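Biologist: I've got the model open and I'd like to quiz you on the labels. Can you walk me through what earns each one?

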Amino acid sequence: MFQSPAINPDIVPLTAALNPAQKEAVTAPPEHRLVLAGAGSGKTRVLVHRIGWLVAVENISPHSILAVTFTNKAAAEMRGRIEQLINVPVRTMWVGTFHGIAHRMLRLHWREAKLPQNFQILDSDDQQRLVKRILRSLDMPDEQWPPKLVTAFINAQKDEGRRPASLADQGDYAQRQLVRAYTAYQAQCESAGLVDFAELLLRAFELCRDVPEIQAHYRARFRHILVDEFQDTNTLQYAWLRVLAGESGVLFAVGDDDQSIYSWRGAKVENMVRLSRDFPGAEVIRLEQNYRSTGTILKAANGLIAKNSSRLGKNLWTEDGEGAPIQLYAAFNEYDEAEFVVNRMREHLDGRTRHADLAVLYRSNAQSRVLEETLIRQRLPYRIYGGLRFFERMEVKDALAYLRLISNREDDGSFERTVNTPTRGIGATTIERLRQIAREGGMSLWKAAVGAGAVLGRSAGNLKQFIDLIEGLAKETAGEPLSKIMELTIERSGLRDHYKKEKGEQAESRLENLDELINATRGFERPPEDDELDPLNSFLAHAALEAGEGQALAGEDCVQLMTLHSAKGLEFPIVFMVGVENGLFPNQRALDEGNLEEERRLCYVGITRARQQLYISYAEVRRVHGTEQIGSPSIFLRDIPPECVVETRPRAGVLRPSFTGAARNSGNGYGGYGTREPRPRYGEGYNLQRPVIATAQTYGGFKLGAQVRHLKFGEGTIVSFDGDGDRTQVEVRFASAGTKRLMLSQANLQAV
Ligand code: ATP
Ligand code: MG
């Protein structure tokens, strides 16, 4: 039984470090509340204190509390902070992400959810492979039905709670085909016991909605439901919260409409408005004092977000001083930019700053590579948060596929992945034959393989060996600790030898990863008390759910790299926001569609991660998908009040004020970044080791950036070249006709 610490509820530390509005939220009576507040105003802190308050003062058992956070890392932190706050272990409290909690329910109630006990989670990569296989079997060619798009269609349906049967036939051929693919995909998942991310949520929702005993159980259990980052809940998550809360559950949601950045994944910021309607009596509490950033950083953030029209409206202020100005750096290219970042980091690292106090935020994952190279060259330890997905690396996935197959022979994806990795003489023809047998007999590949025997001729022996290998491993490892199972699997499967033979640095890191995988299993030898999963399955679920989060480098003090999306909710003393260029941030699609609000919110999220110092940089030339493109400073920079920013040049090492009135009107088209000093010549004063990008190269007599005239489209600027010789393509940004891609040899461009 839970012992409430009510003997001496230490209320003082619980509410002492809160301002009046925060205190009101924390100590509110047990009624629905929505805390609507800007970045860094203490929403997460309020949520944590609220839980502490419920347990310590209101005598609510931790068992009755469900808290939803944005990442598994945040969940672990939250639990730690609550325990610290009230000095009571809260193990029975459910804290996790929507996916994590849904998964837990499905594991506990697999029968009611109509799943096999050992169902496996399909991560996005696995899911796409499966969709691809399904499309092949339905004769839907990749070119016409890109697996990525079909997968997105399926996920979008699930996010809205739609099953194939509930999709009305709209008499549209394409729609009909997509539904056909969805139906076949779902059937395959059902028979193989596979659950994708969207399915986790949908199943858990249906479970709570449709099974009366389960619904009654959780409604009685979870008296208080608390949700962080509420602005990014999707339709299904919201519906699930409603089902769980029922008439008696109390919802406490905190969020910031200005930080809604996942609409592309189905998040509905409208849920913030709906909440007041669907949860009777829900009062809204606003917090406006910011405790995170300097006055300058806040002013920049406020200035930027004020340009969005669809807002619930709020303004942040701080008692802190102005702090240092934001430093803006115009890099020549991405290498120069990375060098700038690392050099500035070095300056900060000479004293009290820890590596982990420094964060680099970027719009797209691909931007990390150059930064990584530079960090490695300059020997700064770094870590990619939520990106360098350890569990998504090839060798790790290979080893996990063996484990999955050992756990569940019906898992066709794992069968396909392992059957000939490492190569054991089972060729594509044999596998195709197996697929056919499986299809015709309505069975798994494993069953097809076991039964196939002589039909397969020469490969039959090899296949038999593979079957024996898996059966042998299953037998031999039964009852062994998980790390032992992992180790044996890596050895016996031949994976270790396979990667040993590969040689080189890459192979070495693969072998290290395999070792690290064995290490990772050690944390799973003893499952948590109230979890019904065996170690193997709980580890496999962990691998699928936490890919990229439980980083291998945990514990080491290192610089943090991450996308702007994964920076949500976090804070760092020093932040570098890189690649702040039109076409990248905001991205091209947003620019083309004139739909900038979500990108602007993302920029707001980026700025508000910084506590003391913010650096912003953009590159004038950047290689994107293998072609050089001329960048221009992001239009978002125009929205930052000029007095918040200084432009910085690396060579002189001095800060020059910019955004002066005169410069603003200098007519350079981007609101002015100050008149430029003559640039140091390329390489001058810089590290000459830097890879040199051939900005001076000419194609058919034209250079990047040249002004040209086209007979039909008029005048424009060359922004990229692609390919060479006769096949060179040129991209021109025309003044009135927009950006066009043309064959250089046929475009008949004239120099202006
Ligand atoms: P985000 O929107 O980015 O998620 P948030 O609103 O959740 O931000 P928190 O992360 O809870 O904000 O708080 C931001 C910082 O301010 C934290 O370092 C927190 O400890 C601190 N803070 C919040 N409230 C107070 C307070 N009353 N006194 C001192 N520090 C505070
Ligand atoms: Mg927060």
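Modeller: Sure, starting with the elements: helices here are DSSP runs of H or I at least four residues long, numbered from the N terminus. Bear in mind that this is a predicted model.

Biologist: Then what makes the place of Pro422 a loop between helix 17 and helix 18?

Modeller: Helix 17 covers 412-418 and helix 18 covers 428-441, and Pro422 is found in the loop between them. The bond that joins Thr421 to Pro422 is a cis peptide, with omega at about -5 degrees.

Biologist: Where is Pro586, and which peptide bond leads to it?

Modeller: The peptide bond from Phe585 to Pro586 is cis, with omega near 5 degrees. Pro586 has its place in the loop between strand 13 and helix 25 (588-593).

Biologist: What makes Arg379 worth a flag?

Modeller: Its phi is near 55 degrees, a positive value in a residue other than glycine. Arg379 is found in the loop between helix 15 (368-377) and strand 11 (382-384).

Biologist: On to the empty spaces. How many cavities of 30 Å³ or more does a search of the whole structure find?

Modeller: Two. The second largest cavity holds about 30 Å³ of space.

Biologist: Why is that one called a cavity and not a pocket?

Modeller: A 1.4 Å probe fits in a cavity but cannot get out, whereas a pocket is an open set, so the name turns on whether there is a way out. Its lining includes Gly38, Asp258, Arg311 and Tyr604.

Biologist: How do the residues of that lining divide by class?

Modeller: Into three nonpolar, three polar and three charged. Gly counts as polar and Tyr as nonpolar, so Gly38 falls in the polar group and Tyr604 in the nonpolar one.

Biologist: What about the second largest pocket: what is its volume, and which residues lie nearest its centre?

Modeller: Its volume is about 1,200 Å³. The pocket is lined by 45 residues, with Glu77, Arg81, Arg292, Gly569 and Glu571 nearest the centre. Helix 3 (43-56), helix 4 (72-86) and strand 13 (572-577) are the elements that give two or more residues to this lining. Helix 4 provides the largest share, seven residues. By class, the lining has 14 nonpolar, 15 polar and 16 charged residues.

Biologist: How do you know what takes up the space of the second largest pocket?

Modeller: To sit in a pocket, a molecule needs more than half of its atoms within 2 Å of the grid points. Ligand 1 takes the space that is the second largest pocket.

Biologist: And what makes Thr44 a polar contact of ligand 1?

Modeller: The cut-off for a pair of N or O atoms is 3.5 Å, and a polar side-chain atom of Thr44 lies 2.8 Å from an oxygen atom of ligand 1, so the pair qualifies. The side chain of Gln259 has an N or O atom 2.7 Å from an oxygen atom of the ligand, and Arg45 brings a backbone N or O atom to 2.9 Å from one. On its own ligand 1 has 640 Å² of accessible area, and the protein covers 83% of that.

Biologist: Which residues of the shell are closest to ligand 1?

Modeller: Of the 19 residues that surround ligand 1, the closest are Lys43, Thr44, Gln259, Glu571 and Arg609. Helix 3 gives the largest share of the shell, three residues. The shell divides into four nonpolar, nine polar and six charged residues.

Methods: Residues numbered from 1 in each chain as written. Chains lettered and ligands numbered in written order. Predicted model: local features only at pLDDT ≥ 70, side-chain atom pairs only at ≥ 80, totals over all residues. Heavy atoms only, no water. 1 Å grid on protein atoms, 1.4 Å probe; cavity = no way out; pocket = protein on both sides within 12 Å on 5 of 7 lines; lining within 4 Å. Points joined across faces, edges and corners; volume = space filled by probe spheres on them. Near = heavy atom within 4 Å. Polar contact = N/O pair within 3.5 Å; in protein donor to acceptor, adjacent residues only side chain to side chain. Areas by Shrake-Rupley, 256 points an atom, 1.4 Å probe, with all protein chains shown as cover.
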